[in-house]
Structure formats: structure tokens, C-alpha cells
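Dear colleague,

Please find the structure below, together with its sequence. My notes on it follow, and I would be grateful if you could read them with the model open.

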Amino acid sequence: MGLDMYLIGEKITSTRDIVDGYKVSSVSLDLGQWRKHWDLHKYIMDMIHPMDGAKIELDAEEMRRIADAVEQGKLPDANYRDEIDAYHKEPDQVAATVKILRDAADWLDKDDHTWKSVEYYGSW
């Protein structure tokens, strides 16, 4: 069983671009992706947004709290597969995940006079 995870940013734009005959009003940004990071998924679903679906909106504070948990090794053990769980605990993978989350939080907080949102989506 696989798990693909995405952190998607949406930004309302004032561009005049036309796509398929329609004016573009927003853009979606790929802020980060993970594969089979069950511990992270479990933390987001159980600790941040209990009982929500697989697609949830995150605010900057929540993303920083998730980053702290990753950095401090405080994610719950989802017991997927030893080699995959170990991979996501390697220092370079932890650093990459923390960077994704902190950068997304900073992007969301950036005051550029636009409306923005960040959504986490897990698919399996």
C-alpha cells in the first residue's frame, strides 16, 4: 500500500493570463511532496486535524508545530515498514521535511497583499 503526500499552496493572482479560454484567478504551487511517510501523515491526521479527511488546510502555526515535531523526533510510530520508516528518520530526510514545512509557513506568512492557503493531501 502506498501513500503519496502533497503540500499544495494556492495563491489568488491578478494576472491577465488566459488558459483554455478562461482568465486565471489563482495558481497552485507544489510546496512539498513525500512518499510513504506514514509517521508524518499520522501526526497530521491525529494530532493536528483529528477526524478530518485526507485533504486539510494548514495554517503557518500548524506547519511550524509539525516541523518542530519532525525535528525533535516526536512523530508517532506508524509502523509501516522498517526500511521506509528508517529512511524518513535519516538526518538529511528530517532536515528536508523540516525545510519544506518551515518554508511553506514563511510563504503563507509573507505579506504580499494576496490571499494564500496551504493544503495537505494524502492519497493511497
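**The largest pocket**

The lining residues of the largest pocket comprise five nonpolar, three polar and six charged residues. This is a predicted model, and the notes below should be read with that in mind. In total 14 residues line the largest pocket, and Asp 39, Val 70, Gly 73, Leu 75 and Lys 89 are those nearest its centre. The pocket holds about 160 Å³ of space. Two helices, H2 and H3 (82-89), each provide at least two residues of the lining.

Two of the residues nearest the pocket centre, Asp 39 and Val 70, appear again below. Asp 39 is among the buried residues of H1, and Val 70 is among the residues with the most contacts inside the largest nonpolar core.

**Overall architecture**

The protein has four helices and six strands. Read from the N terminus, the order of these elements is β-β-β-β-α-β-α-α-α-β. The C-alpha trace spans about 50 × 30 × 30 Å along its principal axes.

Of the 124 residues, 36% count as buried. The accessible surface amounts to about 7,600 Å², and carbon and sulfur atoms account for 50% of that area. When contacts between residues at least 6 apart in sequence are considered, 71% of them join residues at least 24 apart.

**The nonpolar core**

The largest nonpolar core contains 28 residues, and those with the most contacts inside it are Leu 7, Leu 40, Leu 58, Met 63, Ile 66, Val 70 and Tyr 120. Two or more residues each are given to this core by strand S1 (4-12), helix H1 (38-48), strand S5 (55-58), helix H2 (60-71), helix H4 (91-109) and strand S6 (116-123). H4 contributes the largest share, seven residues.

Met 63 shows how such contacts are distributed. Beyond its neighbours within four places in sequence, Met 63 is in contact with Leu 7, Leu 58, Leu 101, Ala 104, Ala 105, Leu 108 and Val 118.

H1 deserves a separate remark. Eight of its eleven residues are buried, and the helix is thus mostly covered. The buried residues are Trp 38, Asp 39, Leu 40, His 41, Tyr 43, Ile 44, Met 45 and Ile 48. Leu 40 is also one of the residues with the most contacts inside the core.

**Links between the two ends of the chain**

Three residues illustrate contacts between distant parts of the sequence.

- Asp 4 is found in strand S1. Its relative accessible area is 26%, so it is partly exposed. The C-alpha atoms of Asp 4 and Trp 124 are 6.3 Å apart, although 120 residues separate them along the chain. Not counting residues up to four places away in sequence, Asp 4 touches Trp 34, Arg 35, Tyr 121, Gly 122 and Ser 123.
- Trp 115 belongs to the loop between H4 and S6. With a relative accessible area of 48%, Trp 115 is partly exposed. Its C-alpha atom is 5.9 Å from that of Lys 11, and the two residues are 104 apart in sequence. Apart from residues up to four places away in sequence, Trp 115 touches Glu 10, Lys 11 and Ile 12.
- Ser 117 lies in strand S6. The relative accessible area of Ser 117 is 9%, so this residue is buried. Setting aside neighbours within four places in sequence, Ser 117 is in contact with Ile 8, Gly 9, Glu 10, Glu 57, Trp 107 and Leu 108.

Glu 10 is thus touched by Trp 115 and is in contact with Ser 117.

**Two residues with positive phi**

Which backbone angles might you wish to look at? Lys 36 has a phi near 55°, a positive value in a residue other than glycine. Lys 36 is placed in the loop between strand S4 (26-35) and H1. Its relative accessibility is 16%, so Lys 36 counts as buried.

His 113 likewise has a positive phi, of about 60°, although it is not a glycine. The loop between H4 and S6 holds His 113, and that loop also holds Trp 115. At 75% relative accessibility, His 113 counts as exposed.

With kind regards

Conventions: Residues are numbered from 1 along each chain as its sequence is written. This is a predicted model: local features need pLDDT of at least 70, side-chain atom pairs count only at pLDDT 80 or more; totals for chains, interfaces and linings use all residues. Side-chain values use heavy atoms; hydrogens and water are left out. A nonpolar core is a set of buried Ala, Val, Leu, Ile, Met, Phe, Trp, Tyr and Cys residues joined through side-chain atoms within 4.5 Å. Buried means under 20% relative accessible area, exposed over 50%, partly exposed in between (1.4 Å probe, protein chains only). Contact means heavy atoms within 4.5 Å. On a 1 Å grid over the protein atoms alone, a cavity is a set of points where a 1.4 Å probe fits but cannot get out, and a pocket is an open set with protein on both sides within 12 Å along at least five of seven lines; lining residues have an atom within 4 Å of a point. Grid points are joined across faces, edges and corners, and a volume is the space filled by probe spheres set on the points. Ala, Val, Leu, Ile, Met, Phe, Trp, Tyr, Cys and Pro count as nonpolar, Asp, Glu, Lys and Arg as charged, and the others, Gly among them, as polar. Accessible areas come from the Shrake-Rupley method with a 1.4 Å probe; for residues, only the protein chains shown count as cover.
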